[in-house]
Amino acid sequence: MKKDGSIIKELKKITKKNIMRTIFEKDKLGEMEKVISDFLAKRGLSFFDTKDPVALAKKLNFSLFLANFDDSIDGVIIVDETKSKIDKFDNNKIIAVNSSANKIRKRFIIAHELAHYIKESENNKKVVYATRDHNNDIRGFDEQEIDYMAAALLMPKDEFKKDWDNLNNKILYPNFDENAKWRKLMDKYAVDIDGVQRRISEIEIMGA
Ligand SMILES: [Zn+2]
């Protein structure tokens, strides 16, 4: 047996890759979609309201801040609905985003933090606290679930699927290769290529 740590290092790499690429099963995907749609329905909202996470945060009465976090911290959410205000703030719902993140990244971070709130609210929790730290290599199942929900907010299933089906229509888009299709979706939904590709595969798992 080698004792130089290289095997451990390789294993970690493989584990990291696999864990970060967890593909959820159909039932689980449906469950997560339902958590969001139930949450929205109770508030008179729909997936028309979720593509712009800043607007959604405002509709849900969040205060949004930009913060000079360490590079490793993407964002933070603090909610305490048992109080009218969180200490030192004038609101009981706060999301702070790393000011150095680019625009696309900021949108995803806000959607991610809102997804925490949505999930906890549906579990009848009144207090939510979460920090997103991307240096935390091996992301747990829960965080991946929240990432899925963030993507579901930014790229609503039905609309996204319709767009994807259209883009695959050779009569409508005779000259479109895969890259052109992805680009079109990246522009429309203001997400990165990884987000678009992942959403396509998840929507394929979900079927109709
Ligand atoms: Zn998180």
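Helices here are DSSP runs of type H or I with at least four residues, and they are numbered from the N terminus. With that naming in hand, the model, which is a predicted one, can be read element by element. Helix α2 covers residues 26-42, and the residue Gly44 that follows α2 has a positive phi, near 65°. The 17 residues of α2 reach 24 Å from the first C-alpha to the last, which is close to the 24 Å expected at 1.5 Å a residue.

Stepping back to the whole chain, the protein contains eight helices and four strands, and along the sequence these elements come in the order α-α-α-β-β-β-α-β-α-α-α-α. Of its 208 residues, 26% are buried. If one takes the contacts between residues at least 6 apart in sequence, 72% of them join residues that are at least 24 apart.

Helix α4, residues 103-122, deserves a slower look. Its 20 residues should span 28 Å at 1.5 Å a residue, and the C-alpha atoms at its ends are 29 Å apart, so the expected and computed lengths agree. Helix α4 is also mostly covered, since 14 of its 20 residues are buried, where a residue counts as buried because 20 or more other C-beta atoms lie within 10 Å of its own.

How are two packed helices described? The description uses the angle between their axes and the distance between the axes. Helix α4 packs with helix α5, residues 141-154, at an angle of about 110°, and their axes are 8 Å apart. An angle of 65 to 115 degrees counts as roughly perpendicular, and therefore α4 is roughly perpendicular to α5. The crossing of these two helices is right-handed. On the side of α4, the contact is made by Arg107, Phe108, Ala111, His112, Leu114, Ala115, His116, Ile118 and Lys119, while α5 contributes Ile146, Asp147, Met149, Ala150, Leu153 and Leu154. Sorted by class, this contact of α4 with α5 has ten nonpolar, two polar and three charged residues.

A second pair of helices can be read in the same manner. The axes of helix α6, residues 157-167, and helix α8, residues 193-206, come within 11 Å and cross at roughly 100°, which means that α6 is roughly perpendicular to α8. Here Lys157, Phe160, Lys161 and Trp164 in α6 meet Arg199, Ile200, Ile203 and Met206 in α8. By class, the contact of α6 with α8 has five nonpolar, no polar and three charged residues.

The backbone between the elements holds some further details. Most residues other than glycine have a negative phi. Which sign does phi have at Asn124? Although Asn124 is not a glycine, its phi is positive, at about 60°. Asn124 follows α4 and lies in the loop between α4 and β4, the strand of residues 127-133. Is Asn124 buried or exposed? Asn124 is exposed, because it has 6 other C-beta atoms within 10 Å, and a residue counts as exposed with 12 or fewer.

Lys88 can be followed through the same questions. Its phi is positive, at about 75°, although Lys88 is not a glycine, and its place is in the loop between β2, residues 73-80, and β3, residues 93-98. Lys88 counts as exposed because it has 6 C-beta neighbours inside 10 Å.

Terms used
Residues are numbered from 1 along each chain as its sequence is written. This is a predicted model: local features need pLDDT of at least 70, side-chain atom pairs count only at pLDDT 80 or more; totals for chains, interfaces and linings use all residues. Axes are lines fitted to C-alpha atoms, for helices over the stretch in contact, and angles run from 0 to 180 degrees between N-to-C directions. Angles under 35 degrees count as roughly parallel, over 145 as roughly antiparallel, 65 to 115 as roughly perpendicular and the rest as oblique. A crossing is left-handed if the near helix is turned anticlockwise from the far one by less than a right angle, and right-handed if clockwise. Two residues are in contact if their C-beta atoms, placed from the backbone, lie within 7 Å. Ala, Val, Leu, Ile, Met, Phe, Trp, Tyr, Cys and Pro count as nonpolar, Asp, Glu, Lys and Arg as charged, and the others, Gly among them, as polar. The expected span of a helix is 1.5 Å times one less than its number of residues.
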